[in-house]
Amino acid sequence: LMLRADVSQMRTGAVNLFTRSGNNWIPLQQLVPPVSDADDLGLFGRSLAIDGDTLVVGATQEEENDATFNAGAVHVYRRASNSNHWDLEATLRASDAAAGANFGYAVDVSGSTIAVGARFHGADRGAAYVFQRSNSGIWSESSRLDPGLRQTRSFGAALAIDQQTILVGAPEEDHSGINSAGAVYVFTRPTNDVNAWSLEGAPLISPTPRVDEQFGYAVDVDGTTVAISTLPVSNVPTNGQVFVYPTLGAPPVTLVGDTLQAGFGRSLAISSQNLIVGAANPSSVLGEAIIYGRDVGGNENWGRVSRLSPVSAAADLFGWDVAITDRLAIVGAPRRTLAGEPPETGAGFLFGLPPVILDFDDVSTAEGDPIAIQTMAENEPRLYQASGLPAGTSIDLESGLISGTILPALSGPWT
């Protein structure tokens, strides 16, 4: 578990690592900027990503010299073998580093590939880069992602990578005469060439574009599933939206926030069967996070399964950042004030998720047939339950095995 701590007085920042011991999370290690200048205001921890033994930390205002003021950098840490200690492995900078680019504004990692956004590069057009780790452990820039001939704005403000696919959000891009309607660019690579990233056709845009809604404010990808958010429009009473595409080219499922101007879509994350959407607003509106389940309410539908709220009613930006696995949901509240801590130190809230059971459909049986169906939960702990089982059958609550002998009255297809 990693939580960022942005030190407001100095704006240096830190990243705090925690490890689980039983039902408790205990501090493991604090990462601080690996720079010699104690007055550096690099915003270390502005962005974070982790995959396996690789941790990526963005420092959007770090500078290498006076000519690269606020150019930004990304620091890569690797977990030591047979240890919970993380060591700095590399510091990444853009090959065309420029003052004010904010390289590291968004980061993500998948295996040996890191994607980095520089939201303000090139007079706010933005840029995105790909770094690849060699077999000897050396990270090097392998690609600068090209959005084509379009006049982008804020390209790289959001991004996500999963294996052979990278999404790059440009939430302030204008198109079709609509200011800041936003767009998301999709890049893919073949499995036999890790450096051959190419743009997949025209960018994705909102099915119902509106002025200032910033389609692509938050993005994520898991396998073939893509999730993209818009924000509520500030000058008219609107809800934020999240569009979930089961595959690229397919029509999306549209999720809409319940409360006007509540910040629905400020953050999102997807993992297998679960999608979490943060709703945080800098005003006095109470934040929340909403969890949706895949296939809840129909095939490829995403139905609401849980609403997460902070303990208090303070405007602590609960939902500003979110993360999710098959077992845990994590929600950040960067303005939360904890007892005994300085004001607005911030906090992260962890929520356990119930197991998701894969359904089995149309099992054909005949009179006297023995039956043995192995169900499988998508996450752990794997505690099973069942309802509506045919008479003569039962489920093992630990293994998920349904067994028995079908009775005559219940032969034939059943679900």
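**Notes on a strand-rich predicted model**

1. At 8% relative accessibility, asparagine 102 counts as buried, because the cut-off for buried is under 20%. Keep in mind throughout that this is a predicted model. Asparagine 102 sits in the loop between strand 7 and strand 8, the latter covering 103-110. Its backbone is worth a look too: phi of asparagine 102 is near 60 degrees, a positive value in a residue other than glycine. As background, most residues other than glycine have a negative phi.

2. Now put asparagine 82 beside that one. Phi here is near 55 degrees, again positive in a residue other than glycine. Asparagine 82 belongs to the loop between strand 6 (73-79) and strand 7 (86-92). Is asparagine 82 buried or exposed? With a relative accessible area of 86%, asparagine 82 is exposed, since exposed means over 50%. So strand 7 has a positive-phi asparagine in the loop shared with strand 6 and another in the loop shared with strand 8, the former exposed and the latter buried.

3. Stepping back to the whole chain: what does the secondary structure consist of? The protein has 1 helix and 29 strands. Of its 415 residues, 48% are buried. If you take the contacts between residues at least 6 apart in sequence, 46% of them join residues at least 24 apart.

4. For a hairpin to zoom in on, try strand 4 (residues 44-51) and strand 5 (residues 54-59). These strands pair in the antiparallel sense over 6 bridges. How many residues lie between strand 4 and strand 5 in the hairpin? There are 2 residues between them, and glycine 52 in the turn has a positive phi of about 65 degrees. Across the pairing, isoleucine 50 of strand 4 stands opposite leucine 55 in strand 5.

5. Further along the chain there is an open sheet of 3 strands in the order 24-25-26, with antiparallel pairing. Which strands are at the edges? Strand 24 (321-324) and strand 26 (347-352) are, each of them pairing on one side only. From one strand to the next the twist averages 15 degrees. Strand 24 is joined to strand 25 (residues 328-333) by 4 bridges in the antiparallel sense, and alanine 323 stands opposite isoleucine 330 in strand 25. When you check side-chain directions, remember the general pattern: in a regular strand the side chains alternate between the two faces of the sheet.

6. On to empty space. Rolling a probe the size of a water molecule over the atoms shows where such space is left. The structure holds 1 cavity of 30 Å³ or more, and the largest cavity has a volume of about 30 Å³. What lines the largest cavity? Its lining is made of Ala71, Gly72, Ala94, Ala97, Ala98, Ala101, Phe103, Ala118 and Tyr129. By class that is 8 nonpolar residues, 1 polar and no charged ones. The polar entry is Gly72, because Gly counts as polar in this classification.

7. Last, a loop residue. Threonine 191 is found between strand 14 (183-188) and strand 15 (198-199). Threonine 191 counts as exposed because its relative accessibility is 71%, and the cut-off for exposed is over 50%. Where does glutamine 163 lie relative to threonine 191? The two are 28 residues apart in sequence and 8.9 Å apart in space, C-alpha to C-alpha.

Note on methods. Residues are numbered from 1 along each chain as its sequence is written. This is a predicted model: local features need pLDDT of at least 70, side-chain atom pairs count only at pLDDT 80 or more; totals for chains, interfaces and linings use all residues. Side-chain values use heavy atoms; hydrogens and water are left out. Two strands pair if DSSP finds at least two bridges between them. Axes are lines fitted to C-alpha atoms, for helices over the stretch in contact, and angles run from 0 to 180 degrees between N-to-C directions. On a 1 Å grid over the protein atoms alone, a cavity is a set of points where a 1.4 Å probe fits but cannot get out, and a pocket is an open set with protein on both sides within 12 Å along at least five of seven lines; lining residues have an atom within 4 Å of a point. Grid points are joined across faces, edges and corners, and a volume is the space filled by probe spheres set on the points. Buried means under 20% relative accessible area, exposed over 50%, partly exposed in between (1.4 Å probe, protein chains only). Contact means heavy atoms within 4.5 Å.
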